[in-house]
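Welcome to a short set of exercises with worked solutions. Keep the sequence and the structure open beside you, try each task yourself, and then follow the steps.

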Amino acid sequence: MDNIDARDVPPTFRDKAASEPLGLWPVVKTSLGDILRVPRLSRRGVAALVGVVIALWLSTAFYRVQPDEEGVVLRFGKWVETTDPGLHAHLPYPIETVLLPKVTQINQIQLGVSSTSAFGDGQPARGRQMLTGDENIVEADCTVFWKIRDPGSFLFRVDNPELAVRIAAEGALRDVISRTPIQAAMSDKRQQIADETQTLLQSLLDGEHAGVEITQVQLQRVEPPLAVIDAFNDVQRARADQERARNEAEAYANDILPKARGEADRIRQEGEAYKAEVVNLAHGEADAFVPLLKSYESAKDVTAWRLYLDSVDAMLKKASKVVVDTSGKGVSSVVPYMPVTEFRPPAPPAPAPAPVLSQGALK
C-alpha cells in the first residue's frame with residue numbers, strides 16, 4: 001500500500017484518506033459500489049426499459065408445435081387444452097406453460113431375457129418362466145411397440161409410462177400363455193398369441209386411462225427352460241413319431257375305405273339292376289298273358305290250337321332232326337322234311353403260299 005500513488009486513488013478515497021487510514025476492504029467496497037450503482041434514467045429511458053420487459057414477457061405467449069408433437073397447455077400447472085401442430089398462443093409465462101410430447105414416435109420395450117440370467121451365473125432365468133395351458137413351463141420373449149395416443153392422460157395419469165407398459169405387457173403375455181398348450185405356443189399359434197396379447201394389453205391400458213396405444217406385439221422366442229430342453233426334445237420326437245404313424249394309418253384308411261365303398265356301391269347297383277330286370281320281365285310276361293287270357297276266354301278252341309302250334313314251332317326251331325309219320329294215320333298232306341343244314345358243302349382248301357425268291361434268283 002506504500003507504493004500507491006495519490007493520483008491513482010479516486011477522489012472518494014482521497015477524501016476518506018484525510019480522515020482515516022487507508023485499508024484494503026474500504027477500497028474494494030467503494031469500487032464495487034461504483035460499479036453496481038444503478039444509473040439514473042430519464043422518464044423516456046424508464047418507459048423504454050419497461051416496454052422491452054413487457055415485450056419479452058409477451059413473447060413467452062407464443063409457441064410452435066412440430067408435426068410430430070401435440071401441445072399440452074397448463075394453466076398454473078393444470079391441464080386445460082391440447083393443441084395441434086402449428087403456431088399457437090397462450091397466456092404468458094408463468095400463467096400458462098406448454099409441454100410438447102412426441103405423439104408419432106414409436107417406442108419399443110423388450111420383454112424377456114435369454115436362457116441364462118443377467119448375472120452370468122448360468123442359472124435359469126426363472127423370472128421369465130411361464131406356465132402354459134397344459135401345465136408346462138416355457139420361457140417367452142416378445143417386443144412391444146407403443147406410442148402416445150392421448151398426451152394429457154399420458155402426462156398426468158401415468159407416473160412412469162415405460163414401466164407401466166412393461167408390467168401390463170408381462171401380465172397380458174402370461175395370461176395368454178396360460179391358456180395355450182405348449183405345442184401350439186411353439187408352433188402354429190405364435191401369431192395368435194401375439195394378437196391376443198396386444199388386444200389384452202390395450203384393454204388393460206385403456207382401463208387405466210394411460211393414453212398409450214399398442215401398435216404391435218412381436219413374439220420372438222418360446223422355448224422350454226434350458227434344464228429340461230433335452231427331455232423336451234425327446235418328448236417332441238416321440239410325438240412326431242406318433243403323428244407320423246397316425247398319418248400313415250390315416251393314409252392307408254383313406255386308400256382302403258374309398259375302394260371298399262366303391263365296391264359296395266357297385267354290388268348294390270348290380271343288385272338293383274338285376275332286380276329291375278327281373279321285375280320288368282315279370283311285368284312284361286304278365287302284361288302279355290292278359291290279352292292271351294282274354295282271347296282264350298272268347299275262343300277257347302282256336303286259341304288252344306294256336307298255342308299248340310306256336311309251341312311246336314318253337315320246339316322244332318331248336319331240333320336238328322324231324323320224324324315224319326308216313327303211316328297215313330296222321331295228316332296225309334305233310335311234305336317230308338329235309339334238313340338242309342346237315343348237307344353243307346365242304347370248305348374250299350386254303351391257297352398255297354407263294355414261294356419267296358431270294359435276291360440272287362431275282363438277278
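**Exercise 1. Find how strand 7 (residues 129-131) pairs with strand 8, and describe the turn that links them.**

Step 1. In this predicted model, strand 7 and strand 8 run antiparallel to each other and are joined by three bridges.

Step 2. Pick out one pair of residues: Gln129 lies opposite Glu139 of strand 8.

Step 3. Now look at the connection. The two strands make a hairpin, and five residues separate them.

Step 4. Glu135 sits in this loop between strand 7 and strand 8. Its phi is near 65°, which is positive even though the residue is not a glycine.

Step 5. Is Glu135 buried or exposed? The cut-off for exposed is over 50% relative accessible area. Glu135 has 66%, so it is exposed.

**Exercise 2. Work out which other strands pair with strand 8 (residues 137-148), and whether strand 8 is enclosed or open.**

Step 1. Begin with strand 6 (residues 107-111), which pairs with strand 8 in the antiparallel sense through five bridges. Here Gln110 is opposite Thr143 of strand 8.

Step 2. Go on to strand 9 (residues 212-223). Strand 8 and strand 9 are also antiparallel, with ten bridges between them.

Step 3. Find Glu139 again. In strand 9, the residue opposite Glu139 is Glu223.

Step 4. Now consider burial. A residue counts as buried under 20% relative accessible area. Ten of the twelve residues in strand 8 are buried, so this strand is largely enclosed by the rest of the structure.

Step 5. Set this beside the figure for the protein chain: of its 363 residues, 20% count as buried.

**Exercise 3. Give the strand order of the open sheet that contains strand 2, and name its edge strands.**

Step 1. Three strands make up this open sheet, in the order 3-2-5, with antiparallel pairing.

Step 2. Which strands pair on one side only? They are strand 3 (78-83) and strand 5 (96-99), the edge strands.

Step 3. From one strand to the next, the twist averages 30°.

Step 4. Look at one of the pairings in detail. Strand 2 (residues 71-75) and strand 3 are antiparallel and share five bridges. Within this pairing, Leu74 has Trp79 of strand 3 as its bridge partner.

Step 5. Follow the chain to the loop between strand 4 (86-89) and strand 5, where Pro94 is found. The peptide bond leading from Tyr93 to Pro94 is cis, and its omega is near 5°.

**Exercise 4. Describe how helix 5 (residues 161-177) packs against helix 7 (residues 190-207).**

Step 1. Recall what is needed: two packed helices are described by the angle between their axes and the distance between the axes.

Step 2. Read off both values. The angle between helix 5 and helix 7 is about 135°, and their axes are 9 Å apart. That angle makes helix 5 oblique to helix 7.

Step 3. Add the handedness: the crossing of helix 5 past helix 7 is right-handed.

Step 4. List residues on each side of the contact. Helix 5 contributes residues including Val165, Ala168, Ala172 and Asp175, while those from helix 7 include Ile193, Glu196, Thr197 and Leu200.

Step 5. Sort the contact by class: twelve residues are nonpolar, one is polar and two are charged.

**Exercise 5. Compare the surroundings of Pro161 and His209.**

Step 1. Place each residue. Pro161 belongs to helix 5, and His209 is in the loop between helix 7 and strand 9.

Step 2. Check accessibility. Pro161 has a relative accessible area of 16% and is therefore buried. His209 has 46% and is therefore partly exposed.

Step 3. Find the neighbours of Pro161. Leaving out residues up to four places away in sequence, Pro161 touches Trp146 and Phe154.

Step 4. Try a distance too. Pro161 and Ile148 are 13 residues apart in sequence, and their C-alpha atoms are 9.7 Å apart in space.

Step 5. Finish with the backbone of His209: phi is positive, about 55°, although this residue is not a glycine.

Definitions and conventions:
Residues numbered from 1 in each chain as written. Predicted model: local features only at pLDDT ≥ 70, side-chain atom pairs only at ≥ 80, totals over all residues. Heavy atoms only, no water. Pairing = 2+ DSSP bridges. Helix = DSSP H or I, 4+ residues; strand = E, 2+ residues; numbered from the N terminus. Axes fitted to C-alpha atoms, helices over the stretch in contact; angles between N-to-C directions. Parallel < 35°, antiparallel > 145°, perpendicular 65-115°, else oblique. Left-handed = near helix turned anticlockwise from the far one by under 90°. Contact = heavy atoms within 4.5 Å. Nonpolar A, V, L, I, M, F, W, Y, C, P; charged D, E, K, R; others polar. Buried < 20%, exposed > 50% of the residue type's maximum accessible area, 1.4 Å probe, protein only.
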